[in-house]
Amino acid sequence: MISQHSRHCTVELQALPSRIGQVRRIISAQLRYWRLDALIDPAALGVTELLTNVHRHAQPDKTCTVDIELLLERLMVSVSDRDPRVPAIKDARLFDTCGRGLALIAAVSESWGIRARGETGKSIWFTLPAPPGALSLASRTVYGATTDGPFPGAASGALAGEHAHPAVRAAVVV
């Protein structure tokens with residue numbers, strides 16, 4: 001059960017370059033819907049960095065989940081993958097073209113961290129402070145075309161176009 005003081009959005013995907021832009025648009029649209037426009041840029045930047053890390057480094061596959069949740073006065077963003085290896089912040093040199101992702105997340109976020117899940121993977125998360133009044137929106141539920149929605153069995157292919165992008169599934173609970 002989700003109380004009206006919590007909003008949550010989950011996107012499952014393969015962290016491929018073509019999917020990262022789609023997820024940025026989903027996250028941006030969801031934050032706009034929640035009237036959190038001020039958080040779009042830092043949240044999208046952080047998600048892009050974390051998904052790029054999954055794309056470049058995760059083993060055995062690129063399957064991951066992006067979660068955004070507004071709870072109390074914080075937006076928590078996390079990316080979970082199946083690779084149990086924990087990344088470390090690098091000291092990138094001046095002309096290095098990679099190695100700054102986690103340092104960038106640390107710079108734009110209020111807090112961040114890594115949750116190891118043993119051999120099943122890890123979650124890397126960061127928080128952003130929500131603007132005052134962010135939780136005052138009335139609670140509403142939105143269903144995407146690739147979610148079960150309120151109709152049992154709807155995700156079984158009963159809706160036309162439902163599996164247009166089978167590698168990206170979004171579930172939204174508001």
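**Strands, helices and the core between them**

Strand β3 is mostly covered, since 6 of its 8 residues are buried. The model in which this is seen is a predicted one, and β3 is a useful place from which to begin a walk through it.

On one side in the pairing scheme, β3 is joined to β2 by 8 bridges, and the two strands run antiparallel. They form a hairpin with 2 residues between them, and in that turn Leu72 has a positive phi of about 60°. Within this pairing, Val66 has Val79 of β3 as its bridge partner. Strand β3 also pairs with β5, again in the antiparallel sense and over 8 bridges, and here Leu75 stands opposite Leu128 of β5.

With these strands in mind, the whole chain can be read from its beginning. The protein chain contains 3 helices and 6 strands, which follow one another along the sequence in the pattern β-α-α-β-β-α-β-β-β. Of its 174 residues, 40% count as buried. Among the contacts between residues with a separation of 6 or more, 66% join residues that are 24 or more positions apart.

The next topic is the core. In soluble globular proteins, nonpolar side chains tend to be buried together. The largest nonpolar core of this model has 31 residues, and those with the most contacts inside it are Val23, Leu31, Trp34, Leu51, Val66, Ile68 and Leu75. Two or more residues of this core are given by each of β1 (6-14), α1 (17-33), α2, β2 (63-71), β3 (74-81), α3 and β5, and the largest share, 6 residues, comes from α2. Ile68 shows what such a position looks like in detail: leaving aside its neighbours within four places in sequence, Ile68 is in contact with Arg7, His8, Cys9, Ile27, Gln30, Leu31, Trp34, Leu75, Met76 and Val77.

Helix α2 itself has 18 residues and reaches 25 Å from its first C-alpha to its last, which is close to the 26 Å expected at 1.5 Å a residue. Its buried residues include Ile40, Pro42, Ala43, Val47, Leu50, Leu51 and Val54.

Helix α3 (residues 101-108) has three buried residues, namely Gly101, Leu102 and Ile105. These cover an arc of only 95° around the axis, and therefore lie on the same side of α3. An α-helix has 3.6 residues a turn, so residues three or four places apart point the same way. What covers the buried residues of α3 includes α2 (40-57), β4 (111-116) and β5 (122-129).

Not every strand residue is hidden, and Thr65, which has its place in strand β2, is a case to compare. Thr65 is partly exposed, because its relative accessible area is 22% and the cut-off for counting as buried is under 20%. If residues up to four places away in sequence are not counted, Thr65 touches Thr10, Val11, Glu12, Ser78, Val79 and Ser80. Its C-alpha atom is separated by 8.6 Å from that of Gln14, although the two residues are 51 residues apart along the chain.

Finally, the cysteines deserve a look. A disulfide is a covalent bond between the sulfur atoms of two cysteines. The structure holds 0 disulfides. Cys9 is buried, with a relative accessible area of 0%, and Cys64 is likewise buried, with a relative accessible area of 1%.

Definitions and conventions
Residues are numbered from 1 along each chain as its sequence is written. This is a predicted model: local features need pLDDT of at least 70, side-chain atom pairs count only at pLDDT 80 or more; totals for chains, interfaces and linings use all residues. Side-chain values use heavy atoms; hydrogens and water are left out. Buried means under 20% relative accessible area, exposed over 50%, partly exposed in between (1.4 Å probe, protein chains only). Helices (H or I, at least four residues) and strands (E, at least two) are DSSP runs, numbered from the N terminus. The arc is that of the directions from the helix axis to the C-beta atoms. Contact means heavy atoms within 4.5 Å. A nonpolar core is a set of buried Ala, Val, Leu, Ile, Met, Phe, Trp, Tyr and Cys residues joined through side-chain atoms within 4.5 Å. The expected span of a helix is 1.5 Å times one less than its number of residues. Two strands pair if DSSP finds at least two bridges between them. A disulfide is a pair of cysteine sulfur atoms within 2.5 Å.
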